[in-house]
There are 2 protein chains.
Amino acid sequence: MVTTRDESVLRGSPYRADCPTRRILDRIGDRWTVLIVVALSDGSARFSELRRRIEGVSQKMLTQTLRGLERDGLVSRTVHPEVPVRVEYALTEAGRTLREPLRALEEWSVAHLGEVSASQEAYDRTH
Amino acid sequence: MVTTRDESVLRGSPYRADCPTRRILDRIGDRWTVLIVVALSDGSARFSELRRRIEGVSQKMLTQTLRGLERDGLVSRTVHPEVPVRVEYALTEAGRTLREPLRALEEWSVAHLGEVSASQEAYDRTH
DNA sequence: CTGTATCCGCTTGGATACTG
DNA sequence: CAGTATCCAAGCGGATACAG
């Protein structure tokens, strides 16, 4: 089934620069977004706790990435006006739905990482 | 169930900088890799055809990304020694297995893009 | 046709210092 | 504690020219 243009959403749109997949990948393709979603999978966490959990993330990038996720409606931010202030982050309902496709990707990664690494080494030996 | 450290692979490793998910996302998170995999989903294609199909890709990036995929063993490259030379690219067996998790992500994108866009607009109005 | 090589701007992201 | 502001280096990726 090949139509000349405007194919089904699943096969046609990815070719376009403004396709949904492209836009989502632009968002989650950065260094920290996925790690934050995973880190929040089990429940809420406060800023400093996230920073400890996610190895290597800087304060700037953690803040910046959390803002992006909040803007997308995938993460909620709750400020408890105590002293010192306490801020809780958690996945929203929409954010929780993202866990499944990410887990599929993760399973693929775990299943194929060895194969990919082997291929890379073989390639590097001959090029 | 909260363990202090070294959780199960699926829940614990994503926190590490060298976890499989992180490595795979570093690879497919770039601008063109996923689009190429999708463009090759239906079968092989030659270089110039891919360039036409994938809107906006430069010659340099198409070559570079295809080399990366070939190195990972996800795409095969076949040179037909004719004049002018013809080069066919196709997904390998491993490459084809990547379509499923990508499709899951794409379905999520399509299903939630409107919701995400609305959230962004609401956020931008209040910040 | 299918690349390779070079230059170069822009973005990403880390380090550091400072604030409510 | 949870940020904000600034500076800066590395690298991604586009444009262009050239080659087998």
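Visitor: What makes Leu62(B), Leu66(B) and other residues in H5(B) count as buried?

Guide: This is a predicted model, and the term rests on a cut-off: a residue is buried when its relative accessible area is under 20%. In H5(B), Leu62(B), Thr65(B), Leu66(B), Gly68(B), Leu69(B) and Glu70(B) are buried, so each of them falls under that 20%.

Visitor: What covers the buried residues of H5(B)?

Guide: The cover includes elements from both chains. Chain A brings helix H7 (99-126). Chain B brings helices H2 (20-28), H3 (33-39) and H4 (47-53), together with strands S2 (75-80) and S3 (86-91).

Visitor: How do you know that the span of helix H5 of chain B agrees with what it should be?

Guide: The expected span is 1.5 Å times one less than the number of residues. For the 13 residues of H5(B), residues 59-71, that gives 18 Å, and the end C-alpha atoms are 18 Å apart, so the two agree. Just after H5(B), Gly73(B) has a positive phi of about 80 degrees.

Visitor: Why is the relation of chain B to chain A that of a two-fold axis?

Guide: A turn of 180 degrees, with a shift of 0.0 Å along the axis, lays chain B on chain A with an RMSD of 0.0 Å. Such a relation is therefore that of a two-fold axis. Within chain B, the residue closest to the rotation axis is Gly29(B), whose C-alpha lies at 2.1 Å.

Visitor: How do you know that the copies meet through the same surface?

Guide: By comparing the interface residues: 100% of those of chain B are interface residues in chain A too, so the surface is the same.

Visitor: What makes S1 and S2 of chain A edge strands?

Guide: The order in the open sheet of three strands is S1-S3-S2 (chain A), and the pairing is antiparallel. S1 (45-46) and S2 (75-80) each have a single partner strand, so one side of each lacks a neighbour in the sheet. Helix H5 (residues 59-71) of chain A packs on this sheet, where it touches S2 and S3 of chain A, and its direction makes about 110 degrees with that of S2(A).

Visitor: Why is S1(A) said to pair with S3(A), given two bridges?

Guide: Pairing needs at least two bridges between the strands. Two bridges join S1(A) to S3(A), residues 86-91, and the strands run antiparallel, so the pair meets the criterion. Ala45(A) stands opposite Tyr89(A) in S3(A). S2(A) and S3(A), also antiparallel, are joined by six bridges. Here Arg77(A) stands opposite Tyr89(A), and a hairpin of five residues links S2(A) to S3(A).

Visitor: What makes S3(A) mostly covered?

Guide: Five of its six residues are buried. For chain A, 43% of the 127 residues count as buried.

Visitor: What do the elements of chain A look like from the N terminus on?

Guide: They run α-α-α-β-α-α-β-β-α-α, from seven helices and three strands.

Visitor: Which residues of chain A does the annotation "domain: HTH hxlR-type" cover?

Guide: The unreviewed UniProt entry places it on residues 19-117 of chain A. Over that stretch the chain is 61% helix and 14% strand, with the end C-alpha atoms 30 Å apart.

Methods: Residues numbered from 1 in each chain as written. Chains lettered and ligands numbered in written order. Predicted model: local features only at pLDDT ≥ 70, side-chain atom pairs only at ≥ 80, totals over all residues. Heavy atoms only, no water. UniProt positions renumbered as here; feature names shortened; annotations may be inferred. Helix = DSSP H or I, 4+ residues; strand = E, 2+ residues; numbered from the N terminus. Buried < 20%, exposed > 50% of the residue type's maximum accessible area, 1.4 Å probe, protein only. Contact = heavy atoms within 4.5 Å. Least-squares fit on C-alpha atoms with pLDDT ≥ 70 in both. Axes fitted to C-alpha atoms, helices over the stretch in contact; angles between N-to-C directions.
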